[in-house]
Structure formats: structure tokens, C-alpha cells
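Work through the exercises below with the sequence and the 3D structure open beside you. Try each task on your own before you read its solution.

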Amino acid sequence: VQLQAYGGGLVQPGGSLRLSCAASGSIFSINVMGWYRQAPGKQRELVAVVTRGDSITYADSVKGRFTISRGSTDNTIYLQMNSLKPEDTAVYYCNARKVVSTTYAVYDFWGQGTLVTVSS
């Protein structure tokens, strides 16, 4: 699975950005897609994920401000980020997760990351 993320950039506090991620390759058994972020000096953290069954989980810090959605095809997701704050500054990574139904083995795939900077 290859993941290509788009849409990062510089935005002022209170502004908005939309990230996109397209998966290609062996996508037929992807169970979950989502976004993680890593700020300088911090660990990578979950931002939002959506399952194949459209169950969605958000980090508490982004609830009410960010919205994750799927595109018209199962291999594309978006992250609409509104009311951005300086603490949202991070490299955002697209993630796809496969879970093998027979063994429950988990495989994670990562995109290259896209930088979001929130600053005046």
C-alpha cells in the first residue's frame, strides 16, 4: 500500500486547511484509514481515524474542529481542519491499517507526511 498526502501549509490561527490522502496498491483489505501527527520533540499521536464501517474516532484536542471523511472511493480520505491553533502545528501523516482476518496480524502503512504550520 502506498499513501500520498497533500494539503499542508502555513495558516494563521483560526484559519482552515484540508488534507487529502490517496491510497494505491493492495488496498482491498484496508480496515482503517486516518491521520496522525507529530510535533517537534513529541511522540506521534492519533488525530482522527475512520474504519471501513465508517466508525470515526477523534483525539479530544481536535473534536469539534476537525472532520475526517471518505472520498467517493474507499481509497481516499480527507481531513478538514478548522479553527486551527498554534498547537496544531505538526507533520501530519496519513495511515492505513490492515488486519488479517485469519491471524489478526496488523500491518500499518504510512504516507510521507505533510507539514502544517499554524502561526501569525
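A salt bridge is counted when a side-chain nitrogen of Lys or Arg lies within 4 Å of a carboxyl oxygen of Asp or Glu. Keep in mind throughout that the model is a predicted one.

**Exercise 1.** Decide whether arginine 70 and aspartate 54 form a salt bridge, and state which parts of the chain the pair ties together.

*Solution.* Begin with the distance: the closest N and O atoms of arginine 70 and aspartate 54 are 3.2 Å apart, and the cut-off asks for a separation within 4 Å, so the pair qualifies as a salt bridge. Next, locate the two partners: arginine 70 belongs to strand 7, while aspartate 54 sits in the loop between strand 5 (45-51) and strand 6 (56-58), so the salt bridge ties together parts that are 16 residues apart in sequence. Finally, consider the surroundings of arginine 70, which counts as partly exposed because its relative accessibility is 22% and the class called buried ends under 20%.

**Exercise 2.** Find the salt-bridge partners of aspartate 88, and determine whether aspartate 88 is buried or exposed.

*Solution.* First, place the residue: aspartate 88 lies in the loop between strand 8 and strand 9 (90-99). Second, search for its partners, one of which is arginine 37, with the closest N and O atoms 3.0 Å apart. Because arginine 37 lies in strand 4 and aspartate 88 in that loop, the pair ties together parts that are 51 residues apart in sequence. Another partner is arginine 65, whose side chain meets that of aspartate 88 in a salt bridge of 2.7 Å from N to O. Here, too, distant parts of the chain are linked, since arginine 65 is in the loop between strand 6 and strand 7, 23 residues apart from aspartate 88. Salt bridges with shared partners join Arg37, Glu45, Arg65 and Asp88 into one network, and the whole structure holds 6 salt bridges.

Third, turn to accessibility: aspartate 88 has a relative accessible area of 1% and is therefore buried. Arginine 37, at 6%, is buried, and arginine 65, at 10%, is buried as well. As a last step, look at what touches aspartate 88 once neighbours within four places in sequence are left aside: the contacts are Arg37, Arg65, Phe66, Ser83, Val116 and Val118.

**Exercise 3.** Describe the open sheet that contains strand 7, naming the order of its strands and its edges.

*Solution.* Start with the order, in which 4 strands form an open sheet as 1-3-8-7 with antiparallel pairing. The edge strands are strand 1 (2-6) and strand 7, each of which pairs on one side only. Neighbouring strands of this sheet are turned by 15° against each other on average, with direction ignored.

Now take the pairs at the two edges. Strand 7 (residues 66-70) is joined to strand 8 (residues 76-81) by 5 bridges; these two strands form a hairpin with 5 residues between them, and phenylalanine 66 stands opposite methionine 81. At the other edge, 5 bridges join strand 1 to strand 3 (residues 17-24), where glutamine 2 stands opposite serine 24.

**Exercise 4.** Identify the residues that make the nonpolar surface patch of about 300 Å².

*Solution.* The patch is made by Val99, Tyr104 and Val106. Of these, valine 106 is found in strand 10 (residues 106-110), and its relative accessible area of 46% makes it partly exposed.

Notes:
Residues numbered from 1 in each chain as written. Predicted model: local features only at pLDDT ≥ 70, side-chain atom pairs only at ≥ 80, totals over all residues. Heavy atoms only, no water. Pairing = 2+ DSSP bridges. Axes fitted to C-alpha atoms, helices over the stretch in contact; angles between N-to-C directions. Buried < 20%, exposed > 50% of the residue type's maximum accessible area, 1.4 Å probe, protein only. Contact = heavy atoms within 4.5 Å. Patch = residues over 30% accessible without salt bridge, like charges linked within 9 Å, V, L, I, M, F, W, Y side chains within 5 Å. Areas by Shrake-Rupley, 256 points an atom, 1.4 Å probe, with all protein chains shown as cover.
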